[in-house]
Amino acid sequence: MRRIWGDADVILLVFAGSAAEFALNKAVDWLFFTGKLPADPIGRLFSTVQYAQQIVFADEQRARQAVGRMASIHAGVEASRGYAIPDWAYRDVLYMLIDYSERAYTLLHRPLTQPERAELFDVFRRVGDGMGVPDLPVNYTDWQLDRQAHLANDLERSSYTDTLFRRYHEEIGDWRYSLLRQAQSLLVPDRVARLLDLPERPLLANLLWIYPTARALGLRALVQRALLPATYLARIQALERTP
């Protein structure tokens with residue numbers, strides 16, 4: 001878990017996939033209530049990562065405190081809006097983090113082993129428990145089944161979807177936006193790719209062999225700069241943590 005969430009490149013791909021899928025979520029209107037994500041999508045990425053890393057790299061007591069702060073923030077938003085975020089929407093977010101953590105690590109490094117998959121699931125399940133999310137699956141196999149059900153039932157393309165993707169485009173520019181959509185195409189489940197009309201044969205798929213070479217030569221900053229503007233490079237590099 002710490003190997004995944006201490007690798008800045010993997011984290012960027014986790015949130016590339018999550019940004020695609022959550023734009024389709026039927027509860028995405030909650031992100032527009034505070035206006036923070038549409039106003040600053042990249043900034044929200046970094047703040048979300050910081051919470052996740054606090055949980056993954058802290059001792060148990062501090063991890064529980066971080067989860068408690070997350071629960072309090074969401075409760076405040078619910079109180080302001082006047083009704084609760086649906087339980088299934090909380091599960092969707094947890095499921096995305098599990099799924100894209102595995103997909104991103106597999107894409108850049110190698111497939112996870114069964115014990116690693118179980119550990120990944122267990123960490124996020126405990127996060128869900130700490131936030132009071134009900135009806136969570138008890139193991140990785142049950143999660144896989146429920147994940148498919150959520151993908152089938154909880155996604156639709158809406159005006160919110162198009163607004164978020166327009167904001168991504170505005171923030172990162174034309175060629176990085178094209179690269180983002182190609183990366184998303186390599187990461188997301190088929191249903192997500194179809195709803196977003198992601199490229200079926202992205203050029204990026206033919207260039208992945210370059211990544212381990214660039215990493216071995218100490219050229220990771222070039223890869224990271226390709227994904228986000230140079231002004232964010234220091235914040236990207238700060239995501240790097242030792243397992």
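Contact here means that heavy atoms lie within 4.5 Å. The structure used in these exercises is a predicted model.

**Exercise 1. Describe the surroundings of aspartate 7.**

Solution.
Step 1. Find the place in the chain. Aspartate 7 sits in the loop between α1 (2-5) and α2 (8-22).
Step 2. Decide whether the residue is buried or exposed. Buried means under 20% relative accessible area. Aspartate 7 has a relative accessibility of 4%, so aspartate 7 counts as buried.
Step 3. List the contacts. With residues up to four places away in sequence left out, aspartate 7 touches His109, Tyr211, Arg215, Arg220 and Glu240.
Step 4. Look for polar contacts. The side chains of aspartate 7 and histidine 109 are joined by one of 3.0 Å. The side chain of aspartate 7 also reaches the backbone nitrogen of aspartate 9, at 3.0 Å.

**Exercise 2. Describe arginine 147 in the same steps.**

Solution.
Step 1. Arginine 147 is part of helix α9, which spans residues 140-153.
Step 2. The relative accessible area of arginine 147 is 2%, so this residue is buried.
Step 3. Beyond its neighbours within four places in sequence, arginine 147 is in contact with Glu21, Tyr95, Met96, Asp99, Tyr100 and Pro189.
Step 4. With one of these, glutamate 21, the side chain of arginine 147 makes a polar contact of 2.7 Å.

**Exercise 3. Work out what arginine 157 touches, and how far it is from valine 192.**

Solution.
Step 1. Arginine 157 lies in the loop between α9 and α10 (159-172).
Step 2. Partly exposed is the class between buried, under 20%, and exposed, over 50%. Arginine 157 has a relative accessible area of 40%, so arginine 157 is partly exposed.
Step 3. Not counting residues up to four places away in sequence, the contacts of arginine 157 are Leu24, Asp162, Leu195, Leu196 and Asp197.
Step 4. Two of these partners take part in polar contacts. The side chain of arginine 157 reaches the backbone oxygen of leucine 195 at 3.0 Å, and a polar contact of 3.5 Å joins the side chains of arginine 157 and aspartate 197.
Step 5. Compare sequence with space. Arginine 157 and valine 192 are 35 residues apart in sequence, and their C-alpha atoms are 9.5 Å apart.
Step 6. Turn to valine 192. Leaving out residues up to four places away, valine 192 touches Ala20, Glu21, Leu24, Tyr100, Leu151 and Leu155.

**Exercise 4. Examine the phi angles of aspartate 135 and aspartate 197.**

Solution.
Step 1. Recall the general pattern. Most residues other than glycine have a negative phi.
Step 2. Read the angles. Phi is near 60° for aspartate 135 and near 55° for aspartate 197. Each value is positive in a residue other than glycine.
Step 3. Place the residues. Aspartate 135 is in the loop between α8 and α9 (140-153), and aspartate 197 is in the loop between α12 (190-196) and α13 (210-216).
Step 4. Check accessibility. Aspartate 135 is exposed at 65% relative accessible area, and aspartate 197 counts as exposed at 57%.

**Exercise 5. Describe the largest pocket and the largest cavity.**

Solution.
Step 1. Take the pocket. The largest pocket holds about 1,500 Å³ of space. Its lining has 49 residues, and those closest to its centre are Phe15, Leu31, Leu37, Arg44 and Thr48.
Step 2. Sort the pocket lining. By class, 40 residues are nonpolar, 5 are polar and 4 are charged. Helix α5 (residues 41-57) gives the most to this lining, with 10 residues.
Step 3. Take the cavity. The structure holds 1 cavity of 30 Å³ or more, and the largest cavity has about 40 Å³ of space.
Step 4. Sort the cavity lining. It consists of Leu94, Tyr95, Ile98, Phe121, Phe124, Arg125, Leu136, Pro137 and Trp143. Of these residues, 8 are nonpolar, none is polar and 1 is charged. Helices α7 (87-108) and α8 (114-130) each supply at least two residues.

**Exercise 6. Which residues have the most contacts inside the largest nonpolar core?**

Solution.
Step 1. Start from the general tendency. In soluble globular proteins, nonpolar side chains tend to be buried together.
Step 2. Give the size. The largest nonpolar core has 78 residues.
Step 3. Name the residues. Those with the most contacts inside this core are Trp5, Val14, Phe15, Phe46, Phe124, Val192 and Leu228.
Step 4. Link to earlier exercises. Phe15 is also among the residues closest to the centre of the largest pocket, and Phe124 also lines the largest cavity.

Key:
Residues are numbered from 1 along each chain as its sequence is written. This is a predicted model: local features need pLDDT of at least 70, side-chain atom pairs count only at pLDDT 80 or more; totals for chains, interfaces and linings use all residues. Side-chain values use heavy atoms; hydrogens and water are left out. Helices (H or I, at least four residues) and strands (E, at least two) are DSSP runs, numbered from the N terminus. Buried means under 20% relative accessible area, exposed over 50%, partly exposed in between (1.4 Å probe, protein chains only). A polar contact is a pair of N or O atoms within 3.5 Å; within protein, one must be able to donate a hydrogen and the other to accept it, and residues adjacent in sequence count only if both atoms are side-chain atoms. On a 1 Å grid over the protein atoms alone, a cavity is a set of points where a 1.4 Å probe fits but cannot get out, and a pocket is an open set with protein on both sides within 12 Å along at least five of seven lines; lining residues have an atom within 4 Å of a point. Grid points are joined across faces, edges and corners, and a volume is the space filled by probe spheres set on the points. Ala, Val, Leu, Ile, Met, Phe, Trp, Tyr, Cys and Pro count as nonpolar, Asp, Glu, Lys and Arg as charged, and the others, Gly among them, as polar. A nonpolar core is a set of buried Ala, Val, Leu, Ile, Met, Phe, Trp, Tyr and Cys residues joined through side-chain atoms within 4.5 Å.
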